[in-house]
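Subject: Structure handover

Hello,

Please find the structure below, with the sequence. My notes on what was found in it come after.

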Amino acid sequence: MRKPLMAGNWKMNKTIPEAVAMVKDLKERIADVKDVDVLICPTFTAISALAMETKGTNINIGAQDIFWEAKGAFTGEIAPNMLVDAGCKYVIIGHSERRQYFGETNETVNKKVKAALANGLIPVVCVGETLQEREANTYFKVIESQVREGLKDLSKEEAQKIVIAYEPVWAIGTGKTATPDQAQEIHAFIRKVYSEMYCCAADEIRILYGGSVKPENVSELMKKEDIDGGLVGGASLKADSFEALVKFSK
Ligand code: PEP
(Lines give C-alpha, C1' and ligand atoms only; values in the text may rest on other atoms or scores of the structure.)
Protein backbone atom coordinates (compact mmCIF):
# COMPACT_ATOMS: atom_id res chain seq x y z
CA MET A 1 0.00 0.00 0.00
CA ARG A 2 1.41 3.36 -1.01
CA LYS A 3 0.75 6.13 1.51
CA PRO A 4 -0.60 9.23 -0.28
CA LEU A 5 1.55 12.35 -0.32
CA MET A 6 0.03 15.82 -0.60
CA ALA A 7 2.73 18.35 -1.42
CA GLY A 8 2.48 22.12 -1.65
CA ASN A 9 4.85 23.94 -3.99
CA TRP A 10 4.72 27.54 -2.85
CA LYS A 11 6.98 28.74 -5.70
CA MET A 12 8.14 32.37 -5.18
CA ASN A 13 5.39 33.31 -2.72
CA LYS A 14 5.21 34.36 0.94
CA THR A 15 7.64 36.22 3.19
CA ILE A 16 8.88 34.45 6.31
CA PRO A 17 6.13 35.90 8.57
CA GLU A 18 3.46 35.03 5.98
CA ALA A 19 4.78 31.48 5.66
CA VAL A 20 4.90 30.97 9.44
CA ALA A 21 1.39 32.37 9.89
CA MET A 22 -0.07 29.97 7.35
CA VAL A 23 1.71 26.95 8.79
CA LYS A 24 0.60 27.85 12.33
CA ASP A 25 -2.98 27.76 11.05
CA LEU A 26 -2.51 24.63 8.91
CA LYS A 27 -0.88 22.53 11.61
CA GLU A 28 -3.92 22.95 13.86
CA ARG A 29 -6.32 22.13 11.03
CA ILE A 30 -4.61 18.89 10.02
CA ALA A 31 -3.21 17.75 13.38
CA ASP A 32 -5.27 14.54 13.36
CA VAL A 33 -4.31 13.43 9.82
CA LYS A 34 -2.23 10.26 9.91
CA ASP A 35 -3.00 8.47 6.68
CA VAL A 36 -1.52 11.08 4.32
CA ASP A 37 2.05 12.44 4.24
CA VAL A 38 2.05 16.23 4.09
CA LEU A 39 4.80 18.33 2.53
CA ILE A 40 5.28 22.07 2.18
CA CYS A 41 8.01 23.44 -0.09
CA PRO A 42 8.46 27.16 0.64
CA THR A 43 11.14 29.51 -0.69
CA PHE A 44 14.68 28.85 0.54
CA THR A 45 14.47 31.82 2.92
CA ALA A 46 11.48 30.39 4.83
CA ILE A 47 12.70 26.77 5.14
CA SER A 48 14.42 27.11 8.46
CA ALA A 49 11.58 29.02 10.14
CA LEU A 50 9.02 26.49 8.88
CA ALA A 51 11.15 23.54 9.95
CA MET A 52 11.12 24.98 13.49
CA GLU A 53 7.40 25.76 13.36
CA THR A 54 6.53 22.21 12.21
CA LYS A 55 8.84 20.29 14.57
CA GLY A 56 6.92 17.36 16.09
CA THR A 57 3.95 17.80 13.71
CA ASN A 58 2.84 15.77 10.68
CA ILE A 59 4.06 18.47 8.25
CA ASN A 60 7.32 17.85 6.36
CA ILE A 61 9.37 20.60 4.80
CA GLY A 62 11.10 20.49 1.41
CA ALA A 63 12.99 22.76 -0.96
CA GLN A 64 12.07 23.69 -4.53
CA ASP A 65 15.54 23.05 -5.99
CA ILE A 66 19.04 21.87 -5.05
CA PHE A 67 22.56 22.01 -6.45
CA TRP A 68 24.65 18.86 -6.83
CA GLU A 69 28.03 20.13 -5.56
CA ALA A 70 28.79 19.95 -1.82
CA LYS A 71 30.43 23.39 -1.54
CA GLY A 72 32.59 25.95 -3.29
CA ALA A 73 32.46 28.78 -5.79
CA PHE A 74 28.88 28.42 -7.04
CA THR A 75 27.34 31.81 -6.34
CA GLY A 76 23.64 31.67 -5.61
CA GLU A 77 23.42 27.89 -5.27
CA ILE A 78 22.43 25.80 -2.24
CA ALA A 79 24.18 22.51 -1.44
CA PRO A 80 22.30 19.33 -0.43
CA ASN A 81 23.66 19.25 3.13
CA MET A 82 22.58 22.89 3.59
CA LEU A 83 18.98 21.87 2.85
CA VAL A 84 19.25 19.04 5.36
CA ASP A 85 20.80 21.45 7.83
CA ALA A 86 17.89 23.88 7.38
CA GLY A 87 15.35 21.12 8.09
CA CYS A 88 14.36 19.70 4.69
CA LYS A 89 13.31 16.11 4.21
CA TYR A 90 12.27 16.38 0.54
CA VAL A 91 13.34 18.40 -2.49
CA ILE A 92 11.49 19.13 -5.73
CA ILE A 93 13.74 18.54 -8.74
CA GLY A 94 13.16 19.37 -12.41
CA HIS A 95 9.97 21.40 -12.04
CA SER A 96 8.80 22.54 -15.48
CA GLU A 97 9.39 26.18 -14.51
CA ARG A 98 13.05 25.32 -13.83
CA ARG A 99 13.22 23.45 -17.14
CA GLN A 100 11.53 26.32 -19.01
CA TYR A 101 13.20 29.39 -17.47
CA PHE A 102 16.44 28.18 -15.89
CA GLY A 103 17.91 25.66 -18.31
CA GLU A 104 17.20 22.50 -16.29
CA THR A 105 17.79 19.38 -18.40
CA ASN A 106 17.34 15.66 -17.82
CA GLU A 107 21.09 15.52 -17.24
CA THR A 108 21.10 18.17 -14.49
CA VAL A 109 17.99 16.55 -12.99
CA ASN A 110 19.91 13.27 -12.74
CA LYS A 111 22.89 14.93 -11.00
CA LYS A 112 20.54 16.63 -8.54
CA VAL A 113 18.62 13.42 -7.84
CA LYS A 114 21.84 11.57 -7.01
CA ALA A 115 23.12 14.40 -4.80
CA ALA A 116 19.81 14.60 -2.95
CA LEU A 117 19.74 10.84 -2.31
CA ALA A 118 23.36 10.80 -1.20
CA ASN A 119 22.40 13.32 1.48
CA GLY A 120 19.27 11.52 2.65
CA LEU A 121 16.77 13.83 0.93
CA ILE A 122 13.74 12.41 -0.89
CA PRO A 123 13.60 13.77 -4.45
CA VAL A 124 10.22 14.73 -5.93
CA VAL A 125 11.12 14.54 -9.60
CA CYS A 126 8.84 16.41 -12.00
CA VAL A 127 8.09 15.23 -15.52
CA GLY A 128 5.46 16.32 -17.99
CA GLU A 129 4.82 17.45 -21.54
CA THR A 130 4.10 20.88 -22.99
CA LEU A 131 0.89 21.62 -24.87
CA GLN A 132 2.84 21.51 -28.13
CA GLU A 133 4.18 18.04 -27.30
CA ARG A 134 0.71 16.80 -26.36
CA GLU A 135 -0.78 18.15 -29.58
CA ALA A 136 2.06 16.70 -31.66
CA ASN A 137 1.47 13.32 -29.99
CA THR A 138 5.09 13.08 -28.85
CA TYR A 139 4.26 13.15 -25.15
CA PHE A 140 4.86 9.49 -24.34
CA LYS A 141 8.34 9.78 -25.86
CA VAL A 142 9.09 13.03 -23.98
CA ILE A 143 7.95 11.63 -20.64
CA GLU A 144 9.82 8.37 -21.17
CA SER A 145 13.09 10.27 -21.78
CA GLN A 146 12.51 12.45 -18.73
CA VAL A 147 12.07 9.34 -16.58
CA ARG A 148 14.86 7.23 -18.14
CA GLU A 149 17.45 10.03 -18.28
CA GLY A 150 16.52 11.93 -15.14
CA LEU A 151 16.39 8.81 -12.99
CA LYS A 152 19.16 6.68 -14.49
CA ASP A 153 21.88 4.79 -12.64
CA LEU A 154 20.29 4.56 -9.19
CA SER A 155 20.89 1.70 -6.81
CA LYS A 156 17.99 -0.60 -5.92
CA GLU A 157 17.61 1.12 -2.52
CA GLU A 158 17.75 4.59 -4.06
CA ALA A 159 15.19 3.69 -6.71
CA GLN A 160 12.65 2.88 -3.97
CA LYS A 161 12.98 6.31 -2.36
CA ILE A 162 11.99 8.42 -5.36
CA VAL A 163 8.73 10.34 -5.71
CA ILE A 164 7.74 11.25 -9.29
CA ALA A 165 5.32 14.07 -10.05
CA TYR A 166 3.54 14.01 -13.41
CA GLU A 167 2.74 17.61 -14.23
CA PRO A 168 1.47 18.34 -17.73
CA VAL A 169 2.86 21.83 -18.38
CA TRP A 170 -0.41 22.89 -20.02
CA ALA A 171 -2.23 22.25 -16.74
CA ILE A 172 0.11 24.12 -14.37
CA GLY A 173 -1.39 27.35 -13.08
CA THR A 174 -3.83 27.46 -15.99
CA GLY A 175 -6.96 26.16 -14.26
CA LYS A 176 -7.01 23.32 -16.83
CA THR A 177 -6.65 19.92 -15.20
CA ALA A 178 -5.89 16.68 -16.98
CA THR A 179 -8.96 14.48 -16.66
CA PRO A 180 -8.54 11.65 -14.14
CA ASP A 181 -8.39 9.22 -17.10
CA GLN A 182 -5.73 11.26 -18.92
CA ALA A 183 -3.65 11.46 -15.73
CA GLN A 184 -4.08 7.76 -14.94
CA GLU A 185 -2.95 6.81 -18.44
CA ILE A 186 0.34 8.65 -17.97
CA HIS A 187 0.84 7.52 -14.36
CA ALA A 188 0.47 3.88 -15.43
CA PHE A 189 2.89 4.53 -18.30
CA ILE A 190 5.47 6.10 -15.95
CA ARG A 191 5.16 3.13 -13.58
CA LYS A 192 5.70 0.75 -16.52
CA VAL A 193 8.82 2.61 -17.68
CA TYR A 194 10.13 2.69 -14.10
CA SER A 195 9.49 -1.05 -13.72
CA GLU A 196 11.61 -1.69 -16.82
CA MET A 197 14.39 0.30 -15.13
CA TYR A 198 14.06 -0.83 -11.51
CA CYS A 199 11.66 -3.76 -11.44
CA CYS A 200 9.52 -3.92 -8.30
CA ALA A 201 10.58 -0.47 -6.98
CA ALA A 202 7.96 0.76 -9.44
CA ASP A 203 5.17 -0.68 -7.30
CA GLU A 204 6.46 1.12 -4.23
CA ILE A 205 7.17 4.63 -5.44
CA ARG A 206 4.57 7.35 -5.24
CA ILE A 207 3.56 9.11 -8.42
CA LEU A 208 1.88 12.46 -7.76
CA TYR A 209 -0.30 14.39 -10.16
CA GLY A 210 0.23 18.14 -10.49
CA GLY A 211 -1.61 20.74 -12.56
CA SER A 212 -4.45 22.82 -11.16
CA VAL A 213 -5.30 20.33 -8.40
CA LYS A 214 -7.93 21.87 -6.15
CA PRO A 215 -10.46 20.75 -3.52
CA GLU A 216 -13.11 20.32 -6.25
CA ASN A 217 -11.15 17.82 -8.36
CA VAL A 218 -8.84 16.07 -5.88
CA SER A 219 -11.02 13.13 -4.93
CA GLU A 220 -11.75 12.12 -8.54
CA LEU A 221 -8.03 12.17 -9.28
CA MET A 222 -7.16 10.26 -6.10
CA LYS A 223 -9.60 7.47 -6.99
CA LYS A 224 -7.28 6.41 -9.80
CA GLU A 225 -5.11 3.40 -9.13
CA ASP A 226 -1.75 4.95 -10.00
CA ILE A 227 -2.30 8.44 -8.58
CA ASP A 228 -0.69 8.54 -5.15
CA GLY A 229 -1.05 12.20 -4.26
CA GLY A 230 -0.72 15.72 -5.56
CA LEU A 231 1.93 18.36 -6.18
CA VAL A 232 -0.06 21.53 -5.76
CA GLY A 233 0.81 25.15 -6.51
CA GLY A 234 -2.01 27.70 -6.23
CA ALA A 235 -4.34 25.72 -3.97
CA SER A 236 -1.55 25.07 -1.45
CA LEU A 237 -1.15 28.76 -0.63
CA LYS A 238 -4.21 29.03 1.60
CA ALA A 239 -4.68 26.96 4.77
CA ASP A 240 -8.34 26.15 4.09
CA SER A 241 -7.83 24.84 0.56
CA PHE A 242 -4.67 22.91 1.44
CA GLU A 243 -6.50 21.40 4.44
CA ALA A 244 -9.25 20.23 2.07
CA LEU A 245 -6.66 18.66 -0.23
CA VAL A 246 -4.91 16.86 2.62
CA LYS A 247 -8.29 15.59 3.82
CA PHE A 248 -9.45 14.43 0.37
CA SER A 249 -11.80 11.47 0.47
CA LYS A 250 -11.57 8.69 -2.08
C1 PEP B 1 2.95 23.30 -9.46
O2 PEP B 1 3.38 24.31 -8.94
O3 PEP B 1 3.69 22.34 -9.55
C4 PEP B 1 1.55 23.27 -9.89
C5 PEP B 1 1.05 22.15 -10.32
O6 PEP B 1 0.82 24.44 -9.82
P7 PEP B 1 -0.79 24.61 -9.86
O8 PEP B 1 -1.34 23.66 -8.86
O9 PEP B 1 -1.02 26.04 -9.49
O10 PEP B 1 -1.22 24.29 -11.25
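Eight strands form a closed barrel in the order 1-2-3-4-5-6-7-8, and their pairing is parallel. Two strands count as paired if DSSP finds at least two bridges between them; helices (H or I, at least four residues) and strands (E, at least two) are DSSP runs, numbered from the N terminus. On average, neighbouring strands of this sheet are turned by 25° against each other, direction ignored. Axes here are lines fitted to C-alpha atoms, for helices over the stretch in contact, and angles run from 0 to 180 degrees between N-to-C directions.

This is a predicted model, in which local features need pLDDT of at least 70, side-chain atom pairs count only at pLDDT 80 or more, and totals for chains, interfaces and linings use all residues. Residues are numbered from 1 along each chain as its sequence is written, and side-chain values use heavy atoms, with hydrogens and water left out.

One pairing in the barrel is that of strand 4 (residues 90–93) with strand 5 (residues 122–127), parallel and over four bridges. Within strand 5, Val 124 is the residue that stands opposite Ile 92. Helix 2 lies across strand 2 (37–41) and strand 3 (59–63), and runs at about 155° to strand 3. Contact means heavy atoms within 4.5 Å.

On to the charged pairs. The structure holds 22 salt bridges, each being a side-chain nitrogen of Lys or Arg within 4 Å of a carboxyl oxygen of Asp or Glu. One of them joins Lys 27 to Glu 53, with 2.7 Å between the closest N and O atoms. Lys 27 lies in helix 1 (residues 16–29) and Glu 53 in helix 2 (residues 44–53), so this salt bridge ties together parts that are 26 residues apart in sequence. Both Lys 27 and Glu 53 are buried (buried is under 20% relative accessible area, exposed over 50%, partly exposed in between, with a 1.4 Å probe and protein chains only).

Arg 148 and Glu 144 also form a salt bridge, their closest N and O atoms being 2.8 Å apart. These two residues lie in helix 7 (residues 139–150), four residues apart, about one turn of the helix. Arg 148 is partly exposed because its relative accessibility is 29%; Glu 144 is partly exposed at 25%.

In helix 9 (residues 180–198), Lys 192 and Glu 196 are four residues apart and so about one helical turn from each other. Arg 2, Arg 191, Asp 226 and Asp 228 are joined into one network by salt bridges that share partners.

Regards
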